[in-house]
Structure formats: C-alpha cells, structure tokens
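The following exercises are to be worked with the sequence and the structure at hand. Each task is followed by a solution in steps.

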Amino acid sequence: VSRRVHGIMEKEKEKEKGKEEEKAKVAGEEKKKAPKKPKEPKEAKKKKEQPKVEKKEKPHKEVKIYDKEVHLIRTTKPVNPEPGKKNVLITSALPYCNNLPHLGTLIGCVVSADAFARYSRLMGHNTIYVCGTDEHGTTTEVKAMEEKTTPELICQKYYKLHKEVYDWFAIDFDHFGRTATPKQWEITQEVFLKLHKNGFITEGEIEQLYCKVCNMPLADRFVEGTCPNCKSDGARGDQCDKCDKLLTPADVVKPHCKVCKSIPVTEKAKHLYLDLEKIQPLSEEWYKGASTKGKWTNNALTTSNAFLKEGLKKRCITRDIKWGVPVPLPGYEKKVFYVWFDAPIGYISITAAIAEWEKWWKNPENVKSYMFIGKDNILFHSLMFPSSLIGTGDKYTLVHHLNSTEFLNYEGVKFSKSHNVGVFGDQAKLTNITCEVYRYYLFANRPETADSDFRWVDLADKNNNELLKNLGNFSHRILTLINGSYKKLIPEYTVGDPESDKAADKCLKEVHEAFLHYIELMDAVKLKDGIKQAMFISSICNNYMQSWEPWKTAKINPKLANSQINILMNVFLLLCACLEPFIPTFCAKVYDIINWKRKEREEKLLGYIFESKSHLSILTIVPPKLEINEPLPIFRQISEEEVEKLKATYGGKQQQVHSQTYLISSVSYTHLTLPTS
C-alpha cells in the first residue's frame, strides 16, 4: 500500500513541474516579442542618477604598543678602585642650578656620559659615573632674586627638577649630588690653601663695578652689556654666549646692572688670583702627554692650544657675593670663591658621598678619568681645573679623555626657555614620544665635529625608517614567531646537525666581525659611529631572518628551523647589549618581554663575548628553556600631522618677551647655610 501511495505522489509532482516549465516558456516568448524601449539621452540619464553618497572611512585601528615603564637595575655597584682591573671614573659637566636642561645640554654631557658609563660596565670595567648640580655663584643669586626666594631654596627646587629629568631619560648615575655640601667646602679650601702655600695665589687690585641702587659690588653675572669681541648685546661679565669669549666685568662695553638696569660706577677692590701663568710650564707638559694619549676631541685640542699659544693669564678666583664657599684667608672673610674655581672640585666632593674619594682622585696609576662637556666649558676642564690640582703638588687623577661636543640647536636657532623655543627636559615626557626615541635621535645626530640641528621631521624619519623598520621589525618578527609557532618557548640549538652548524658559523662570523668594530669605536668614545654600527648589526639580523625564513624551513626541516631561531635570538640579545648604552629603556622592555633576568655575567656581556675571542660564544647568551611573554611592538609610527603639531607647540612665542626687574631688597640672606645631610 505504501509503495502505491508513494507512486501516486511522485506522478502528481511531475505534473506540477511540467505546468511550471510551460508557463516559463510562454513568458519568455512574450518578452522577446515585446517592443524595445528607446534609449534615453545621456543628459536625461545623468539627471536621474542619484548623487553619490561618500563612504565613511573606517576609523584607523590603533596598534597596541608596549607601554610598561621598566628600567635596567644593576645587581652590583662599585665603591672603590680594584687592583688589576680597569678602573674608570666618568664625570659630566655639572648643570647650573638655575634652569632646566634642554636636549642640547643633555646630549652634550649627561646623556653622552651615561652611554659611555653603561658601555664601560658592560665591558666589565670597574666604573663609577658621578654628576650633580652646580649650586654656587651669581647664577643662583640672580635666580633667587627673580623668584623672590633664597639661593638655598632655589638649589633645593632645581636639584629635584634636574633629578626628575635625568630619571625620565634613564640616566644611571652612581651618584647625582650637589656642590652645596660641607665636603665641598672642605676640599675646595684644602686645594686653595695648598696653592697658596706653593706660591700660586697672588693678590691684585682691580677696578670693580658697583651698583649704587642695589648697594652692592657687581660680580660677573650681575653685569650685562655689549661684547668687546663680537659687538653683540647680552654679553655677561664672565662670558659672551654669542662668540664664547671669556670676559671680566671690566671688559663689557656699556655695562649695566642685571638687577635694576642702572649704570654702575667703578671702585677699587682687592681680589685673589690663580697664577696660571706661573703654573703653565707644569700644566702644559702634562697637557701635551695627556691630550695625545687620551685622544681628546678636536675642538678640545684646538681651543686649549689657542690659549696655551697666547699664554695663560692670571685668573681672579674670588667674588664679592654671599652664596659660595668662603675664602679661608685673613682679610677675605667676606668674599667667596669664583664658581668656576670650586665647581669642578664638585666632581671630587660628590665622589666622596659614595666612596673613599682619594682612592679615585689621587690614584693616576690605576684610574682613568673621562670627562664629558660642551665646547663652552673646554678651557675650565682642559687647563684651569687641571692647573689647580697640579699646583697643589699632590698626585691627582687628571683627565685622561676630554670629550667635548659642539652645540645642538633647535630647527636652526638656539634653544630658549623664555621664548618657548625647543624641547627642554621637563617637556620631553609630555610629547608622547618615548625616552628611547629621543635618546636614539640625539646620538644619531650628536654634534661631534660641527653644530647640528634637532628637527622634528628628521626625528620622525629616523624613528619610522630606522627604529621601526629596522630594529622594531626584526625584534617583533622573531618574538611573534616564537610566541605563536613555538608556544612562547625559545627553541634550543640542534647540536651535531651539519646544516645548523653551517648556518651558525656563517651568521655568527659576520655578526662577530661587526661587533669587534663596534668595540673599537666605543673604546675611542665615538658614540655617533657606535650607534650606527649597532644598527648595522640589526640590519644583519634582519637579512638573515629574511633569507632563512625559519617559518617555512620548519615545515621541511624542523631541526634547522629550531637552530636558526636560536641563533637569531642569541644575536638579538648581543644586539641589545650593544644598544644598551644608547637606548637602555628599549632593552629593558625586550628583557621584560622575554623574561630574561640579568645577573652579573649578563651585566658584563660585551666584555665576556670580546674576551672569548670566538664567534661561537654568542650561542651561549640565551639560557635554556626560556619562555617569553606575549610580545607587543615597542616602536610606533610618527605621523606628519604629529610632527606639525610638535613644531607648532615648541616653535617659540610670537610676541616679544620683556625682562622683569627685581629689587635686591626683596630678598635677605647671609653666607651659605649648609644642608644638615
């Protein structure tokens, strides 16, 4: 029965299907017979067309960037020099305690010294790096008047601000101190008394400028006027910033008081002088040997040679101000030392805060001193400070290598805080550009042989085409590959595999050769070339990553792919060690991503690889069974719009800036009050 019912239903379906096909056939024939509609003219067709609706572009999807704040922490810090080791003493010019550093002053001394100190530690040398705020002198007194406070409070305020800037720029001092300390008094007065005893201090009478309105003698920076050398206005009583000519208040043409702008009168006054002329035979003999052996920078040699050829002159080392180190000589109790006599001694007193200072500063046989300064400070570090120490008769550790830069300008003009021209230390972190990008650009553009410019377009170009496309590309690709294909575990090198050994030998030889050239450059303190060589190593890594294609090799030869990735990770960590002096925060982020906990050996990695004298030692860097975290890109693109916005923000004020006048009577203070700690 069921079969019969099913047969009937199938016949009914076939009938219905036939009817539908017949209807479709008839409809088709009628459509063919129907007359065609005439074509509409193009103009009429255009009228009927609906206006196009602009498609809204999808919002740009922002790439998540690694934004965790991490820093490299050293496990050990040196205290005193160690016998049989290379002991390196590094200083950078002490910043004045009256303003904040701009990018030019940062690369000129503090950041450059930090890079060399980091390199020296990575080489395994016993290294200390000291710096601090220069707190004495007329600059501090003038600033105190402008802010209607006391010099002591000014020093406390700006010490804190400076420290915050250097912390953000990842400066790894062994100690960042101050010159307003009891130890500074003690050592400065000790040096002076020995110079006096040895006959290198003389007394002289000078015609001194005196302001009747302020009722005070006008020391160097209280005097402003026209430079007698280059005729520019704004020269101070100690130096012209336009031509770098050293001056005395009496040299300034058309002088006026910095405080009240009145015309001063002249009066006679007694002062003490350092007899550089008498010390010159001793200091010149030392200079010729030290500058050659230490391979000083060209501008340091040129400037020093010019002063020696002209003949060193007696230099006044006392001032009629209140904020400074008192002169320990009868008849001079109301005077203090000229800041440039006591400021370099601050290197010594700051060292004393963390070590037995005489073991560093009176140990020329076992300690090498490296000083980092700008070209405006050459004379004081190349001849004046060494002459002061030589004149004591003690065996001081004098500068071995003097590294002085030219100036870094901003978009073709000088940095100016008052005119909002250029980026200063406290503003850098507000730009949404990371510390490692700033540091990379400053070193790549370091003014080593001529003045250079900070330009936003150039910074963006170096970020986008060097950091992002070279270093960022390699680091993110290798880490992403390990994270995805190897489940976060760095594969181990396949021992005994001929193909792996062949790949390792070729790659590591090439990297090791580039590494040895990097060491040569860094030993010679050629920092600009050093960072270029480190980026060349990064290019080698990129090339091998691209030519090997380990993600493809893994499908046909897993053992070789494992070895390739292991080789690349070892080379990557060596690259990070080479970059650590320049962009330590980048390296800290990489180490955090891969869970690499550095110990003493890793903190001296460059020295370990160098001393092994074998390219195969590079394969020992990555520890076994190292599991990484999920990687995020460390660098991002800097757009043209962002560049234009930054240029507008830090391009300067359009309105004229007028200086303000402050009355000296608004502030009352006596001689230097020392901090209790």
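Contact here means heavy atoms within 4.5 Å. The model is predicted.

**Exercise 1. Describe the overall make-up of the protein chain.**

Solution. The protein chain contains 23 helices and 16 strands. Of its 677 residues, 54% count as buried. Among contacts between residues at least 6 apart in sequence, 80% join residues at least 24 apart.

**Exercise 2. Determine how helix 7 and helix 12 are oriented, and which residues meet.**

Solution. Step one concerns the description to be used: two packed helices are described by the angle between their axes and the distance between the axes. Step two supplies both values: the axes of helix 7 (residues 276-293) and helix 12 (residues 378-390) come within 9 Å and cross at roughly 100°. Step three is the classification: angles of 65 to 115 degrees count as roughly perpendicular, and helix 7 and helix 12 are therefore roughly perpendicular to each other. Step four lists the contact: Leu276, Ile279, Leu282, Ser283 and Trp286 of helix 7 meet Ser382, Met384, Pro386, Ser387 and Ile390 of helix 12. By class, this contact of helix 7 with helix 12 has seven nonpolar, three polar and no charged residues.

**Exercise 3. Repeat the analysis for helix 16 and helix 19.**

Solution. The axes of helix 16 (residues 498-523) and helix 19 (residues 558-579) are 9 Å apart, and the helices pack at an angle of about 10°. Angles under 35 degrees count as roughly parallel; helix 16 and helix 19 are therefore roughly parallel to each other. The residues of helix 16 in this contact include Ala503, Cys507, Val511 and Phe515, and those of helix 19 include Ser563, Ile567, Val571 and Leu574. The contact of helix 16 with helix 19 comprises 13 nonpolar, two polar and two charged residues.

**Exercise 4. Test the length of helix 6 and identify its buried residues.**

Solution. Helix 6 (residues 182-197) has 16 residues, which at 1.5 Å a residue should span 22 Å. The end C-alpha atoms of helix 6 are 23 Å apart, which agrees. Its buried residues are Gln184, Ile187, Thr188, Gln189, Val191, Phe192 and Leu195. Just after helix 6, Gly199 takes a positive phi of about 85°.

**Exercise 5. Why does Cys155 form no disulfide with Cys97?**

Solution. A disulfide requires cysteine sulfur atoms within 2.5 Å. The closest cysteine sulfur to that of Cys155 belongs to Cys97 and lies 4.3 Å away, too far for a bond. The count of disulfides is zero. Cys155 is buried, with a relative accessible area of 0%; Cys435 is also buried, at 6%.

Conventions. Residues are numbered from 1 along each chain as its sequence is written. This is a predicted model: local features need pLDDT of at least 70, side-chain atom pairs count only at pLDDT 80 or more; totals for chains, interfaces and linings use all residues. Side-chain values use heavy atoms; hydrogens and water are left out. Buried means under 20% relative accessible area, exposed over 50%, partly exposed in between (1.4 Å probe, protein chains only). Helices (H or I, at least four residues) and strands (E, at least two) are DSSP runs, numbered from the N terminus. The expected span of a helix is 1.5 Å times one less than its number of residues. Axes are lines fitted to C-alpha atoms, for helices over the stretch in contact, and angles run from 0 to 180 degrees between N-to-C directions. Angles under 35 degrees count as roughly parallel, over 145 as roughly antiparallel, 65 to 115 as roughly perpendicular and the rest as oblique. Ala, Val, Leu, Ile, Met, Phe, Trp, Tyr, Cys and Pro count as nonpolar, Asp, Glu, Lys and Arg as charged, and the others, Gly among them, as polar.
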